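Biologist: I'm new to this one and would love a close look at a single part. Could you take me through the charged pairs, and then whatever helps me place them?

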Amino acid sequence: MKHIAFFLLVLGISTTWSSVYYVDFVNGQNANSGKSSTSAWKNCPGDAAATQVPAQTILAAGDSVIFRGGIVYKGQITLKSSGSGPAAQITFDGNSAGSWGSGKALIDGENIRSYGFYESSGGLSYVTIKNFEIMNMKYTGVPWQGGAAVKIDDASFVTVADCYFHDVGYWKNDGSISPAGNGVHMLRPRNCVISGCEITRTGLAGIEVDGSVNCTFARNNIHDYITWGIDIGGDFNLCTGNVVCDNTIHDLYQYDNGYWGIPNDPNIPHTDYIFLRMGAGRHPVNNIIERNLFYNNQVFHEFGGTAMVFLSYADSTIMRNNIFINPHGYYATRFSWTSSGTKFYNNTIYAPGAITGSNGVGGVFLETNGYTDIRNNIIVTYQTSIATSALVDETGFKSDYNLFYNVVSSQDFVRISPARYATYAQWQTFGYDTHSLKATAITDIKFANVAGYPTACQSMDLCIPSTSPAVNAGTTLPGFTNDIAMIARPQGSAWDMGAHECVLNGAPPPVIAPVITTQPVNATVFAGQTATFTVAVSGTVPITYQWRRSNDNGSTWSAVSGATAASYTTAITVISDNNARFRCIATNAAGNAMSNAALLTVNPVPIAPGFTTQPVNATVFAGQTATFTVAVSGTVPITYQWQRSNDNGSTWSALNGATGASYTTATCVTADNGAKFRSLATNAAGSATSNAAILTISTPVVSKLTGTPFGTGPAWAPGSEFNKASDGDTTTFFEYALNNGGYTGIDLGSGIAGKITKIRFFPRKGFEFRMNGGKFQGSNLSSSSGYVDLYTIPATPPAGWNTIAITDQNSYRYLRYIAAANVYCNIAEMEFYGTQSGLAKQQIATSVLDASVSRALPKEFGLSAIASGNSSLVKVVFASPVALGETRFDLFDLQGRCLQSVVRHGGQAGYDVITFNNANRLLIAGMYLCRVETKGFNKSVVLLVR
């Protein structure tokens, strides 16, 4: 189809100083001036993310902002300034000259922003937005609205041209949400233009305008996953004077066959290529729909669609020189409740495809309508409804000079009411179509390039030769003098029927220059693979193709030998092909068209993942977390998935959210003991599974707690001081000089607390009665205050050692015995047993292992780890009531390597501290084993260094 350029009337010329600014989201800096391509900004003025210079810049009339081609811009641009006239517009240009970057500039909403360009306050005028690709605008959550590539309200003289809008709002037809999203959405626009745009996958509408006046929608290619191609409504104001011309709208059928889950009406929304409708009681009036091509909307689903063009309360609408190929649902066109002045002139409807259901595929559906004038049309349909249908007002409706063909039956020509049909002869006796023609075979019409369905949908022309009965069979109509290709009418003795006027006397039909309707897209492959680039082109056949390649970012181009089809597949790629660009030139007798350039990215052949660091076993207490870590080699990006097994590795399950190189468990419980963990690393070349690491939940070691003695003084006599109660000698004792308030205890140390499970005490021999009523207490405040009772001695205790169990679940730093009144605090010995926690930074004793030989160490031998107070030291405390001979302490890592050894000669009774110096930094965070050996006896303790 030939598309004719349209022009805006230049109302005036103004002289102004103007500036050109440059935006490069990847390479630009907001500190730059923005006035050259080498000092470009990152952000555009009007973007909330803009800082520094662009944030302070207010665009003036005549200014232009040029975005670098091929660069993805991530932001939303609010339009804040207006131009002053046609010669002083504000222009946002996505590299239309092709001189800066490659192809269109891109704006990516990343599904987190709703609009590419946005203005809602009103009053915007003389702004042009051109040559952008805008995509991934988020669904706003509002059904039947969604986001939009361009959203502008109450504007005048705004132009949106030569853009590509896709993936906007909610466009995926999964039946869960109503469609939402628009390519362009305008409320109350005046004298605005939307032209030359490709729009797809926008859910609700390609172009949606409400209350538009004198707007033009021309040369747009609207297709796929859209409910309404162009939706023009009167929701907010009178809708008048709009022109919809030279558009190609096709393949919107995907939404027609979907159930959207709308209560009580599962068949909506109807899918219309052009929807011209009433809103808020206001009828659209005096709008023109001409020279458009509608095709490929056949869905084998009886309901859910209405028409390629649906007029609802649209008065005085003119539809002329349009072609409808393969409509679906009910009819090619539907006129509902329209008033006088509606005209359907010189259109061609070709609907040969079958459809299931009683309604069938029809040509024109008139609903409560007696005013439409239908003349000079060619209407080829499949089933019963051809020219008109139910609820025809036979007194005002006009139909004549049309050429009909009904594939199914010559008996059912028209449905006059839901239950009554008429033959063609009966129809003419009613006074309709008295000069019309009815073909008995499709070949009678003699479409120039239609040998039968589906060839017509492929060629999309439907010209008529001089031998067609449609030639010279029409009548002269008012208001226009050209056909769809702007050929003057008539070429013969009278007007021809249909959208095309036949050129007589052997003259060939006009040749339509190529137009790129689908641009090639960027491709990313690995070396050793091929890449394919494809274009779709409209225009008069034959069309030749020549793909060209650039190796210098588009500066120079050369023809690719043998690449002469609409698709081009490269040879096996190598790394040196990276960043090559490809474009196609389509040529016919009327001229040529050049596509955008598509970028080829060639990545090295990926290397499968390999684990360079395996996860290691972890031992923790219940209530702690454990961390497992891997390191992986291979081609990035690499994804990770940690897995867990609770049955010793027989089965594994993925851990939700555990997708990093490290995984930290939730707070561990005893039931986690023995669980295994492993990581699955994956990239483009394959995957690898790590070794399994075992999680051990350790039971804290119950041991005798040690600390610094404290207490009251003075003593009754020298040798009976407070520290005698914790010196390990039952023959010594603490006796306070005063009869009341005496106490003695131990301080476990800063950052250390003990959870007490039992207490052992030894009364002063002969003075056991003085411990009646005494208390054992714990505090975390100080050695003299903040105490909590752990146990009160209820009566005179027996002589010798006494053992009591403690059930208090808290931990305390300060532990003491305080005497009852009037007893002078007579106690010979006290011992606190439990688990130690709160160690500062370095190490914890996690378990004591059984002896590896037949004999164990002496009965009272114990080991524990303590905080050193110095991150460079690791200390082990051992205790025994008997003197030992030479004792050796060896510190091993879990690979069995001995890191350090300490030897004690002679040993000693009581307590001792063994220090491992960590100055060489061998002791990193992890687990270690301390083995103690003396006189053939040995015992071990596991240390966890944090």
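How many salt bridges does the structure hold?

Modeller: Happy to help! This is a predicted model, where local features need pLDDT of at least 70 and side-chain atom pairs count only at pLDDT 80 or more, while totals for chains, interfaces and linings use all residues. Residues are numbered from 1 along each chain as its sequence is written, and side-chain values use heavy atoms, with hydrogens and water left out.

The structure holds 23 salt bridges, each being a side-chain nitrogen of Lys or Arg within 4 Å of a carboxyl oxygen of Asp or Glu. Start with R549 and D577, whose closest N and O atoms are 2.8 Å apart. R549 sits in strand 43 (residues 544-550) and D577 in the loop between strand 45 (567-569) and strand 46 (581-588), so this pair ties together parts 28 residues apart in sequence. Strands here are DSSP runs of E, at least two residues long, numbered from the N terminus. D577 is buried, with a relative accessible area of 13%; buried means under 20%, exposed over 50% and partly exposed in between, using a 1.4 Å probe and protein chains only.

Next come D672 and R644, also joined by a salt bridge, with closest N and O atoms 2.8 Å apart. D672 lies in the loop between strand 55 (662-664) and strand 56 (676-683), and R644 in strand 53 (residues 639-645), so the pair links parts that are 28 residues apart in sequence. D672 counts as buried at 12% relative accessibility.

D789 and K775 meet through their side chains at 3.3 Å, N to O. Because D789 is in strand 64 (residues 788-792) and K775 in strand 63 (residues 775-779), this salt bridge ties together parts 14 residues apart in sequence. Here D789 is partly exposed, at 38% relative accessibility, and K775 is partly exposed too, with a relative accessible area of 30%.

Salt bridges can also join up: E208, D210, D231 and R277 are linked in a network of them.

For a polar side chain in another setting, try N131, in the loop between strand 8 (125-130) and strand 9 (132-137). N131 is buried, with a relative accessible area of 11%. A polar atom of the N131 side chain lies 3.1 Å from the backbone oxygen of N95. Leaving aside neighbours within four places in sequence, N131 is in contact (heavy atoms within 4.5 Å) with residues including D93, G94, N95, K104 and D162.

Technical notes. Helices (H or I, at least four residues) and strands (E, at least two) are DSSP runs, numbered from the N terminus. A polar contact is a pair of N or O atoms within 3.5 Å; within protein, one must be able to donate a hydrogen and the other to accept it, and residues adjacent in sequence count only if both atoms are side-chain atoms.
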